[in-house]
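Q: Please take one part of this structure and examine it closely. I should like to know where it sits and what lies around it, and then how other parts may be described in similar terms.

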Amino acid sequence: MKTEIILTGDRPTGHLHLGHYVGSLKNRVKLQNEGNFDKMYVFIADAQALTDNYDNPDKVRENIREVALDYLAVGIDPKKVIIFVQSMIPELAEYTFYFMNLVTVSRLMRNPTVKCEMHEKGMDESLPSGFLNYPVSQAADITLFNTTLVPAGIDQEPMIEQANEIVRKFNSIYGETLNECRILLPDNSICARLPGLDGNCKMSKSLGNCIYLSDSEEELRKKVMSMYTDPNHIKVEDPGCIEGNTVFTYLDALCKEEDFKEFLPEYHNLDELKAHYKKGGLGDVKIKKFLFNVLNRELKPIREKRLELAKDMDYIDKVLIEGTKKARIVAKENIKKFKKAMRINYFDSYDE
Ligand code: ATP
Ligand code: MG
């Protein structure tokens, strides 16, 4: 019996990157193809993106179609998945408004992901209340569609917790109406929070430390060749360190045994490569070239499909419009139950 409702989204603050790919997109495509769900939604979180980009609406606007292109390029299929634009479902804003009563400001201030982002964005002194509230708006995204499963990276764990707390509070006050959900993280814990090219923070559009799915082969090569490795690994014969060495982190996230057969046959697997690096005698250029090949094998088909799709932007618009219409039907239906539970359905004969 299919009972799963899957939902997940991305902020249109830039093109999608390798972190999205290993953290969430791969799981989405897998779930989509397994087909064990009632409904699956993927949405472009423009309203959320505006909470910290309210002064740059053009950036958000331009990236709506870019994110949609990334979705289709990685294999999200609009025949199986409803792809929609968040701000075009006004019921989400309504849910958010009522949910805000169920969360204290101090609880929102304790959200570790928000705390970290506030700091990164220099909001310590001037925090927009909309930004502080974005986990509440995410709770609305999740619950409006009766979501049971959210394929996402580890930074979303506090959001799922927050959403479930709101659900419990709502149900305890207004009666059993909403359901809780769970997160689906990637099996490989490195993929749940892929670091950026700088090796410090998570790969994130806002931090400019990304390998984008849309990067050309040359851009990819340049980015990989300029990555940090071990600063003490100066001569080839020096022993090297694996921990915190982002080249190895990306290999841990993505390389398979067949990559060795094809691109680096003198090693059987990553353990052998790591052992040689640690012992000394293995140069950084060699592992970077290998990483480039591993990444390029994965990203080349995506890049090519993306270029092909970009020739027909009317089709992309059509996918978004049709998906949004479908999502809106569900949203309108579900908000009736929500309003009834909250006793704000005053007139039976009033139907918009
Ligand atoms: P922004 O900088 O605007 O917040 P972002 O790069 O963090 O953008 P989001 O749109 O916030 O991307 O995230 C969308 C989804 O991708 C979420 O499920 C998130 O967990 C996942 N994700 C984002 N970055 C990474 C990463 N580096 N590793 C694993 N998953 C990630
Ligand atoms: Mg983010």
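**A close look at Thr51**

A: Leaving aside its neighbours within four places in sequence, Thr51 is in contact with Pro128, Gly130, Phe131 and Tyr134. The model is predicted, and every value here is computed from it. Thr51 itself belongs to helix 2, which comprises residues 46-53. Its relative accessible area is 14%, and because buried means under 20%, Thr51 counts as buried. The side chain of Thr51 also makes a polar contact: it reaches the backbone oxygen of Gln48 at a distance of 2.6 Å.

Buried residues are found in helix 9 as well, among them Pro158, Met159, Ile160, Phe170 and Asn171. The list for this helix further includes Gln162, Ala163, Asn164, Ile166 and Val167. Helix 9 covers residues 157-174, and its 18 residues should span 26 Å at 1.5 Å a residue. The C-alpha atoms at its ends are 26 Å apart, so the expected and computed spans agree. After helix 9 comes Gly175, which has a positive phi near 95°.

Phe347 offers a contrasting case. This residue is located in the segment after helix 16 (313-341). Its relative accessible area is 59%, and because exposed means over 50%, Phe347 is classed as exposed. Together with Tyr346 and Tyr350, Phe347 makes a nonpolar surface patch of about 460 Å².

In summary, Thr51 is buried, whereas Phe347 is exposed.

Notes. Residues numbered from 1 in each chain as written. Chains lettered and ligands numbered in written order. Predicted model: local features only at pLDDT ≥ 70, side-chain atom pairs only at ≥ 80, totals over all residues. Heavy atoms only, no water. Helix = DSSP H or I, 4+ residues; strand = E, 2+ residues; numbered from the N terminus. Buried < 20%, exposed > 50% of the residue type's maximum accessible area, 1.4 Å probe, protein only. Polar contact = N/O pair within 3.5 Å; in protein donor to acceptor, adjacent residues only side chain to side chain. Contact = heavy atoms within 4.5 Å. Patch = residues over 30% accessible without salt bridge, like charges linked within 9 Å, V, L, I, M, F, W, Y side chains within 5 Å. Areas by Shrake-Rupley, 256 points an atom, 1.4 Å probe, with all protein chains shown as cover. Salt bridge = Lys/Arg side-chain N within 4 Å of Asp/Glu carboxyl O. Expected span 1.5 Å × (residues − 1).
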